[in-house]
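Grab a pencil and try these short exercises on the structure below. Each task comes with a solution that goes step by step.

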Amino acid sequence: MFVCRTCRQTVQRVCGQHSATYVQWPSRACVTAGRGSFEQRRGVHNTRVQCQSLRTRLLQNKTNLDVSLTKGAGISASSSLQGSAEENAQKFQRPMAQTTIDEEEVKKFSNLAELWWDEAGEFEALHSMNELRVPLIRDALVNQRQQESEGTVRPSLPLEGFQILDVGSGGGILSEPLARLGALVVGVDASEENIKIAQAHVMHDPKVARNIKYIQATVEDLVGTEEEKFDAVVTSEVVEHVADVPTFVTACCQLVKPGGSIFLTTLNKTYLSYALGVVVAENLLRLVSPGTHDWNKFISPQDLQYILDQNDFSTRLLHGMMYNPLMKRWSWIKNTSVNYAIHAVKAT
Amino acid sequence: MAMSLSLLFRRCCPKNRQALHRLFSTASTSESSDDADIVISGGGMVGASMACALAYSDSFADKRIVLLEAAPDRGDFHLPKRYSNRTCALSPSTAGLLSSFGAWEEIEMMRSQPVRRMQVWDSCSDSMIAFSQEDMTEPLAWIVENDVILGAIMRRLRQAPNPVDIRFETSAKSFVIPHVSESWEEKSKHPWVKVELGGEKSIYTRLLVGADGSKSAVRAAAKLHTVKWNYEQTAVVATLRLAEAIDNNVAWQRFLPTGPIALLPLSEEFSSLVWTTTPEDAKHLLKLPEESFVDAVNDAYWHERDKNALADKAVDGFSQLLNNIMPGGTAMKQLPPTVTGVEEKSRAAFPLELMHASHYVRPRVALIGDAAHRLHPLAGQGVNLGFGDVECLTRILEQAVAGGSDLGSLNHLLTYETKRQRHNLPVVATIDGLQRLYSTDFTPLVVARSLGLTAVNSLTMFKNLIIQRATA
């Protein structure tokens, strides 16, 4: 579903065949009133031409616009246009799962592309959060393996043999350490630029590159084919940027093997998290660029645990985290009012 | 027959995975670039011990470490009969580091002399201070020749479980450091450090460790700013023969206005001299015939020409006062041994300066040892700080590997820098302060320092604290 940028009414998709391409159309109300602008996003490159022609055709055929808006189903809409039937028939159809991406969020991060890997720069806090996240994941998975079987593990590669999905991998800040510890990591991000940056960064290190795969997709894209494939799914600092949290978390949960783990780190929705996480961090100390976090999107651990519970997960660990801006380090604290991490395990 | 064949086979086959890989790899001789995890530039005591510490560490079992040393390979170390004139005072924490990879046992098998007491006194007054561990059982330090230390470390390095690629007669022509070197912008913009060895050969490494001494090329390439101070002093070293064989476990140091003269025990009959003095004086001393030189040394320890009457009176009165408050607290002044001879060709001199790098690290570059800091030898702390750097960096790199970080990542390198600077800067500042304090014969300062020294001498707790800090 898409939202008209002008009047915020939801409108139905038109271009249903190109999973990564989404076109924002003005609502019918806006079109009739003469407002609203056509905005088009580049998607998967080989479909760009199609969408461009689609757009021009639609511009020319304004009457068809009303038809396409009311029809709803993507395929029928585009086939109602002239000359595109045979092209559409050839097009590969993927289940479109765009409901949890928020356009604004994706754009925000793409703008910060070059700064991802500057450890003293914009993403300093994320880099130093690895000090907490990586040992958490490493120890939890190693314990999981020890309980299951007594295999021989090379001490320098404790995560060898594990398949991990890093949702919202961004520039690969968390994916690379996990891959360096031996895990097979699939990094997934909605922003194409982030995937490109991550891939460009990892290609120089052959030992790590052979353990990571970056895919530009959303979690829902993976649900159809990769269900119950991963030993662990990690979504770190993503949940607070997602439009529809229950769907997102459910999709993540579906991808975990029975007995596998899910790790989430995000911010709590409290007055303190507004004060510290938004006002102080963004405006006063400039730890992250202003506008990165929307307090309305924060979620409390209880709500998150409820969603996990509904998906047959049992929480193993819920712990707060705190960032010390003077020392530029994260530390574990009991209080979950601002940042917290959850580790939950799927029922077998 | 079959058994002997299998024995032969086992002996011919490489014993570990890495060597096996090299046997079967198809690397051609025209290959110009190489990959390494860590390149240590400089195979001196500190560089070699860094390589050794990493080679014996479990976390680095599958990592490729390269050590570049400009000097030729001298093979296995054979202990020479004569003592070398360059020696170090190793602290107990350094002994701990060296024993972690077995080098300390090698040193003890060769030769080392424990120091159980240290006496420091002034030539301008009667004040003195004596350090010793309680009960005189634990040594304060060990005096070991530099060659012995290096020989022991290299021996252990060659036997390391994870073989280190030691390249003798190799020194890097230049370093291309990301975001720093001008040539990096123009060329490939590879994110790793490129160590150019000349002759079209180069190594790409995740982390470059600079252990190449006070005139470090790595530090220059990384454009790290340093604070430098030329002391305008030269240190004269020599191996001296003592008048009689004694239980030589005391280090003697007397502060002259031109600089401190120190006698460090090497064995029952021999001691090592480190005499810091003005450059002209040093040149003169090196030219003196043997007997005159011995006379000069004895004179330096026994003369009373610089005695300041006021300071003497002040110290007398103060120590009487202290004796009344804390009877038996002050240590007694002992007399240093007399020197009768100097080993031929053992006299040498080297200039002294203070140097401290404002930053020890850059992304993918770290400095250890003299490349980061160079001190005045008056407290024998220089090499111990270097070994402390090695220990700290090894532990931090092990933690980084456990956390899956990139070896050259700035996060943990900054932790190393902070830790070491916090430890090193006070030592550097204190030693520099002491050197300045004792290089004058300006009466008020003499009186002040004499009283201060006498006071500290009677505070056993404070002395123990100093010993702890110096040996930590």
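**Exercise 1.** Work out how many residues each chain brings to the contact between chain B and chain A.

*Solution.* Start with chain B: 20 residues take part, and chain A adds 16 residues; contact means heavy atoms within 4.5 Å. Keep in mind that this is a predicted model, where local features need pLDDT of at least 70, side-chain atom pairs count only at pLDDT 80 or more, and totals for chains, interfaces and linings use all residues. Residues are numbered from 1 along each chain as its sequence is written, chains are lettered from A in the order written, and side-chain values use heavy atoms, leaving out hydrogens and water.

Next, the area: about 1,400 Å² is buried between the two chains, with 43% of it from carbon and sulfur atoms. Buried area is the accessible area (1.4 Å probe) that two parts lose on being put together, summed over both. On chain B's side, B:Arg206, B:Gly404 and B:Asn411 lose the most, together 27% of what that side buries.

**Exercise 2.** Find the partner of B:Asp37 in a salt bridge.

*Solution.* First, the count between chain B and chain A is two salt bridges (a side-chain nitrogen of Lys or Arg within 4 Å of a carboxyl oxygen of Asp or Glu). Then look at B:Asp37: its partner is A:Lys207, with the closest N and O atoms 3.2 Å apart.
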